[in-house]
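Colleague: Hey, got a minute to walk me through this one? I haven't looked at it before.

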Amino acid sequence: MPSFAELLPEIKKRPTLYLSRYSIFDFQSFYYGYDLARNQLGIAKTDADIEFEEFLSWVRTRYNIETTQSWASLILFHSIDERDALDRFFKLWEAFHNRNKDRSSIESESESQSQTVKV
């Protein structure tokens, strides 16, 4: 079973193939169903699944809002409608993913410089 993060590019390409409506809340329901199915089947979370959960926490931090509202509601609050919120979700996911890549490249560069200095 692919991780949820691996499904995201497919969902982004053709949302209504996976969701009944082009909606952040339909997407949230799809994610909760995916997560429930994995749990009931006893399938352990992959690193990519854990990363996706970290992303959901990152969304709360990014908007700097302390609330019990769902991550989908937070994104919708900053969007025009449910469709725009889903598009915004994918942009946020990209920003989160690139943030991790940028951090990795900086760390790799620092390690390379440290190794050069040691030589």
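Modeller: Sure. Of the 119 residues of the protein, 32% count as buried. Keep in mind that this is a predicted model.

Colleague: OK, and how many helices and strands does the protein have?

Modeller: There are 6 helices and 0 strands. Read from the N terminus on, the elements run α-α-α-α-α-α.

Colleague: What share of the contacts between residues at least 6 apart join residues at least 24 apart?

Modeller: That share is 59% in this protein.

Colleague: Let's start at the front, then. Which residues of α1 are buried?

Modeller: Helix α1 spans residues 4-13, and its buried residues are F4, A5, L7, L8 and I11. They cover an arc of only 140° around the axis, so they sit on the same side of α1.

Colleague: Why would residues a few places apart point the same way?

Modeller: An α-helix has 3.6 residues a turn, so residues three or four places apart end up pointing the same way.

Colleague: And what's exposed on the other side of α1?

Modeller: E6 and K13 are exposed there.

Colleague: Switching topic: what's in the largest nonpolar core?

Modeller: That core has 26 residues, and the ones with the most contacts inside it are F4, F27, F52, F55, W71 and F89. At least two core residues come from each of α1, α3 (24-41), α4 (47-63), α5 (71-77) and α6 (82-118).

Colleague: Which helix gives the most to it?

Modeller: α6 does, with 7 residues.

Colleague: Back to F4 for a second. What does F4 touch?

Modeller: Leaving out residues up to four places away in sequence, F4 touches I11, F27, F30, Y31, Y34, D49 and F52. F4 is buried, with a relative accessible area of 0%.

Colleague: I see plenty of rings around. How many aromatic pairs are there?

Modeller: The count comes to 23 aromatic pairs. In one of them, the rings of F4 and F30 have their centres 6.1 Å apart and their planes at 45°, so that pair is tilted. F4 lies in helix α1 and F30 in helix α3, so the pair ties together parts that are 26 residues apart in sequence.

Colleague: And F30, how does it count for accessibility?

Modeller: F30 counts as partly exposed, at 24% relative accessibility.

Colleague: What about F27 and F90, how are their rings arranged?

Modeller: Their centres are 5.9 Å apart and their planes are at 65°, so the pair is edge-to-face. F27 lies in helix α3 and F90 in helix α6, so this pair ties together parts that are 63 residues apart in sequence. Both F27 and F90 are buried.

Colleague: Is R83 over a ring or what? Which ring, and at what distance?

Modeller: R83 lies over the face of Y22, at 3.9 Å from the ring centre. The C-alpha atoms of R83 and Y22 are separated by 5.5 Å, although the two residues are 61 apart along the chain. R83 lies in helix α6, and at 46% relative accessibility R83 counts as partly exposed.

Colleague: Last one: how many residues does α4 have, and how far does it reach?

Modeller: α4 has 17 residues and reaches 25 Å from its first C-alpha to its last, close to the 24 Å expected at 1.5 Å a residue. Its buried residues are D49, E51, F52, F55, L56, W58, V59 and Y63. Just after α4, N64 takes a positive phi of about 50°.

Notes
Residues are numbered from 1 along each chain as its sequence is written. This is a predicted model: local features need pLDDT of at least 70, side-chain atom pairs count only at pLDDT 80 or more; totals for chains, interfaces and linings use all residues. Side-chain values use heavy atoms; hydrogens and water are left out. Buried means under 20% relative accessible area, exposed over 50%, partly exposed in between (1.4 Å probe, protein chains only). Helices (H or I, at least four residues) and strands (E, at least two) are DSSP runs, numbered from the N terminus. The arc is that of the directions from the helix axis to the C-beta atoms. A nonpolar core is a set of buried Ala, Val, Leu, Ile, Met, Phe, Trp, Tyr and Cys residues joined through side-chain atoms within 4.5 Å. Contact means heavy atoms within 4.5 Å. The expected span of a helix is 1.5 Å times one less than its number of residues. Rings of Phe, Tyr and Trp (its six-membered ring) pair if their centres lie within 6.5 Å; planes under 30 degrees apart count as stacked, over 60 as edge-to-face and the rest as tilted. A charge sits over a ring if NZ of Lys or CZ of Arg is within 6 Å of the ring centre and within 35 degrees of the ring normal.
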